[in-house]
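Please look over the structure below before reading my comments. They are kept brief and are meant to be checked against the coordinates.

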Amino acid sequence: MEDTLKLFTSVGLSEQKAKETLRNDALSSSFKEAITQAQRVHGASGVDKAMGVLLYSMTSRLRDPKRLVFLSDCIAQRKLCTELQLAAALDFVKSHPQDPINQKEFDEACGVGVVITPEQIEDAVEAVMKKHKEQLLKERYHFNMGLLMAEARSALKWADGKVIKNEVDLQVLHLLGPKTEADLEKKAKVSQRSSTKIFIWENFTSEGYVVTQNTMKLLAKHLEITGGQIRTRFPPEPNGILHIGHAKAINFNFGYAKANNGICFLRYDDTNPEKEEEKYFTAIKDMVEWLGYKPYAITHASDNFQQLYDLAVELIRRGHAYICHQKGEELKGHNAPPSPWRDRATEESLVLFERMKKGLFAEGEATLRMKMVMEDGKMDPVAYRIKYTPHHRTGDEWCIYPTYDFTHCLCDSIENITHSLCTKEFQARRSSYYWLCNAVDVYCPVQWEYGRLNLTYTVVSKRKIIKLVETGVVRDWDDPRLFTLTALRRRGFPPEAINNFCARVGVTVSQTTTEPHLLESCVRDVLNDTAPRAMAVLEPLKVTITNLPDNFKSDIRVPNFPASESKGSHTVQLTRSIFIEQSDFREVMEKGYKRLTAEQPVGLRHAGYVISVQKVIKDSQGKVVELEVTCTTSDTAERPKAFIHWVSEPLVCEVRLYERLFLHKNPEDPSEVPKGFLSDINPNSLQVISSALVDTSVRGAKVFDKFQFERVGYFSLDPDSTADKLVFNRTVTLKEDPGKI
């Protein structure tokens, strides 16, 4: 271990980086092999820091270990000298997995042997400076220098970026002279459109974005159309209901556009007619709008079916796609064998693709595949497949449908999206995203990944939710125990709380696993200020106030928000017979118990009375069924230790109390739940109280109206409610009060 650490630091790794690498067995083994291979060329002391950095970058990014020796030799022989050349080499070996590698094609694709002289760099920068000279003299050092860098680099693909930057700095200094005090002042605020345009130019010259000879021309055309406006999109598949993870995606896509005065599209990725239903289209739109966002436009991938088909034809013409006859199972997995049809003639593939379109093949008999290898090692992803299923929008017009890998980036390009914001698992598709746009020579947006949001004690996969529904564990996709957005709405979660939760979690690159109680805390924060108070008794105990007359009735004013009485109030009646919670009475006094006992009086909330037990009435089994009490006004009675809620002449309602659906934090983890998630169901996840009592202030409530039942929790009116009987779902409990006992 010590020798390997010394080896890694000898080629330029810091001690900390070397130790981190040693903790990754696969990476450290590959890196050690790469160094050893390079030392065979240069000797033990011939691998310098620059070479070591390239070797480390190569081994950490290489997906096909059989290419390690080849690429190590290329670096050792100084055929690959820059990160730009290494990136091109990694792309080449991914897209050419078969042996042997064509050395001539490799050298051409990676700029091997290409020498960019200082004079060439000087001339290229000079040409760019001349082009922008007027604006440079006007804006001086406030000009966007990134634009000069980008255009010079576009002209000299294999030039060292640092050398270009030094030349740009030198020529700018020669033209403008040293910075003045005015140059050092903060630039005056420019219009949003101008600043956004600058932002986009800088964004598209960032590391990782693939720049071709046509990139700047296509980007300029894009800017003409959009005026530099930020454009994002939320692109769900209409084959299921949105869940809490989608809420983060909605917030990020719509929120990022809004923060930059941009626009966001809602685009349905409707390319699989077998699984798409109208109810999902409607539910997705409803949920986006429920969260408070209005799409700039609602579009569909199917809007572009003809254009996508034309681009597929162009991809074949350029030699980047072919018709394959391998069956579906043979295409699965990263170790799928190379297709025997990969080298099929272009003209033949064009004819066969036309036959696919005309319905002359059976389903599964032919697919269109792209000649590229994805970052996760998947080879030649499918671009088109045959499905003899009518489409909800295009009917029987098409029998071939594009896949996500083909559709997504091209629809982004067609809609002039600036930022494809997606979760981390799509990082493996980033290179294919850029590759496809460039392969057919269309404008290419930039892809940014962020960590998806995961919650413990739940599942959100469509397949697993369907299984929960089919087995009767839950009623449907909107069962309040689930974390679909329709379920959270039904349970009573306010959209503001979900948005606040997404903001609190934030946007990070790392995956986020969060406890449900953090979401519930956001819910309480919102409902505390928005849910009017009412009184409800879940387990009623009858109380007769014997020193009040039989016909006694008194109107009691109850504030809707006790902490802010200016928000209004409602009236309930106090009569001789009331109901309290069974748990608010104990026949035997216990230490620390502050509510009603035979020896201890208690106050009635809002009523102005204190009651004392005179008689305890029990049934034949010895269960307490009624209390007879006397009351005294609060003004004359000694202040009681506690005040309890009560109802009088109430409405009978149904109350549904929810707990976590699963017993373990990670029900999908075999190490926690060996028998699978269906074996982990919490038998107490739903408790139905069919004869709860609630005061009459809720009589006119509408579906999804929310209340705080004092001392009980927050509740929302369920769609199952009828004119004869209201049904309430407990949204969340109140914050625990240590003094509540």
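The numbered points below cover conventions, domains, one helix and three single residues.

1. Conventions. This is a predicted model, in which local features need pLDDT of at least 70, side-chain atom pairs count only at pLDDT 80 or more, and totals for chains, interfaces and linings use all residues. Residues are numbered from 1 along each chain as its sequence is written, and side-chain values use heavy atoms, with hydrogens and water left out.

2. Domains. The protein is split into domain 1 (1-110), domain 2 (127-182), domain 3 (470-532 + 655-733) and domain 4 (536-644); the bounds come from an automatic or database domain assignment. Taken over C-alpha atoms, the centres of domain 1 and domain 2 are 34 Å apart.

3. Helix α22. Helices here are DSSP runs of H or I with at least four residues, strands are runs of E with at least two, and both are numbered from the N terminus. In α22 (residues 462-470), Lys-464, Ile-465 and Leu-468 are buried (under 20% relative accessible area, against over 50% for exposed and in between for partly exposed, with a 1.4 Å probe and protein chains only). Viewed down the axis of α22, these buried residues fall within an arc of 100°, so they line one face of the helix; the arc is that of the directions from the helix axis to the C-beta atoms. Arg-463 and Glu-470, on the other side of α22, are exposed. Gly-472 follows α22 and has a positive phi, near 80°.

4. Met-145. This residue is in helix α10 (residues 145-155). Met-145 counts as partly exposed because its relative accessibility is 22%. Leaving aside neighbours within four places in sequence, Met-145 is in contact (heavy atoms within 4.5 Å) with Leu-136, Arg-140 and Val-172. From C-alpha to C-alpha, Met-145 and Asp-99 are 44 Å apart, with their positions 46 residues apart in sequence.

5. Thr-226. Helix α14 (residues 215-226) contains Thr-226, which counts as buried at 4% relative accessibility. A polar atom of the Thr-226 side chain lies 3.2 Å from the backbone nitrogen of Gly-228. The C-alpha atoms of Thr-226 and Asn-499 are separated by 28 Å, and the two residues are 273 residues apart along the chain.

6. Thr-403. Is Thr-403, in the loop between β7 (400-402) and α20 (404-414), buried or exposed? Thr-403 counts as buried, because its relative accessibility is 11%. A polar atom of the Thr-403 side chain lies 2.6 Å from the backbone oxygen of Val-382. Not counting residues up to four places away in sequence, Thr-403 touches Val-382, Ala-383, Tyr-384 and Arg-385.

Methods: A polar contact is a pair of N or O atoms within 3.5 Å; within protein, one must be able to donate a hydrogen and the other to accept it, and residues adjacent in sequence count only if both atoms are side-chain atoms.
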